[in-house]
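Student: Could you take me through one part of this model closely? I would like to look at a single strand residue and its surroundings, and then at the open space in the fold.

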Amino acid sequence: MILSLLAAATLQSAPIPNRQVAEAFFDAFNRRDMAAMEALYAPDAVLTSSDFCKPRGRADLRRTYQTLFDGHPDVQDVVDVMVAEGDYVAIRFHAVAESGPLPMRLPLMSFLRFRHGLIIEDDTVFNTGGRACEP
């Protein structure tokens, strides 16, 4: 009995697999749950993107996503493929929105690196359509 309780306690405190963390991010994004999104990133996380002039940190996460949500209130990310191996998760997905200046179906790829169950690097690439980068 004691061994099974210890085993259960160990399993409960084990870190969540990286793939599940990535899935939780997309779920939080689609719910607009900014606090849940931020909680998945390490305090020293680095974010790079095709539309960033320079890398951003976790402190910029809210600004980055709020701008997107404001411009496309109905935006949803739909995951096409997710591959997890070790500390890395690669995701091909597309963002879809009917609201905003124009309907959107934007293919993207994110490459995430994890440490202790948190995202420490988020590199997202997509075609910016020639738009200038954002400071």
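Tutor: Happily! Let us begin with a term: a polar contact is a pair of N or O atoms within 3.5 Å, where, within protein, one must be able to donate a hydrogen and the other to accept it, and residues adjacent in sequence count only if both atoms are side-chain atoms. By that rule, the side chains of Thr124 and Ser110 make a polar contact at 2.6 Å. The Thr124 side chain is also joined to that of Asp122, by a polar contact of 2.9 Å.

A word on the source: this is a predicted model, in which local features need pLDDT of at least 70 and side-chain atom pairs count only at pLDDT 80 or more, while totals for chains, interfaces and linings use all residues. Residues are numbered from 1 along each chain as its sequence is written, and side-chain values use heavy atoms, with hydrogens and water left out.

Thr124 sits in strand 6; helices (H or I, at least four residues) and strands (E, at least two) are DSSP runs, numbered from the N terminus. With a relative accessibility of 10%, Thr124 counts as buried, that is, under 20% relative accessible area, as against exposed at over 50% and partly exposed in between (1.4 Å probe, protein chains only). Apart from neighbours within four places in sequence, Thr124 is in contact (heavy atoms within 4.5 Å) with Thr48, Ser49, Ser50, Leu108, Met109 and Ser110. Its C-alpha atom is 8.5 Å from that of Leu112, a residue twelve places away along the chain.

Strand 6 also helps to cover the buried residues of helix 4, as do helix 2, helix 3 (34–39), strand 1 and strand 2 (56–57). Those buried residues are Leu61, Thr64, Tyr65 and Phe69. Viewed down the axis of helix 4, they fall within an arc of 125 degrees (taken from the directions from the helix axis to the C-beta atoms), so they line one face of the helix.

Helix 2 contains Asn18, which counts as buried at 14% relative accessibility. Beyond residues up to four places away in sequence, Asn18 touches Gly86, Asp87, Val89, Phe114 and Gly117.
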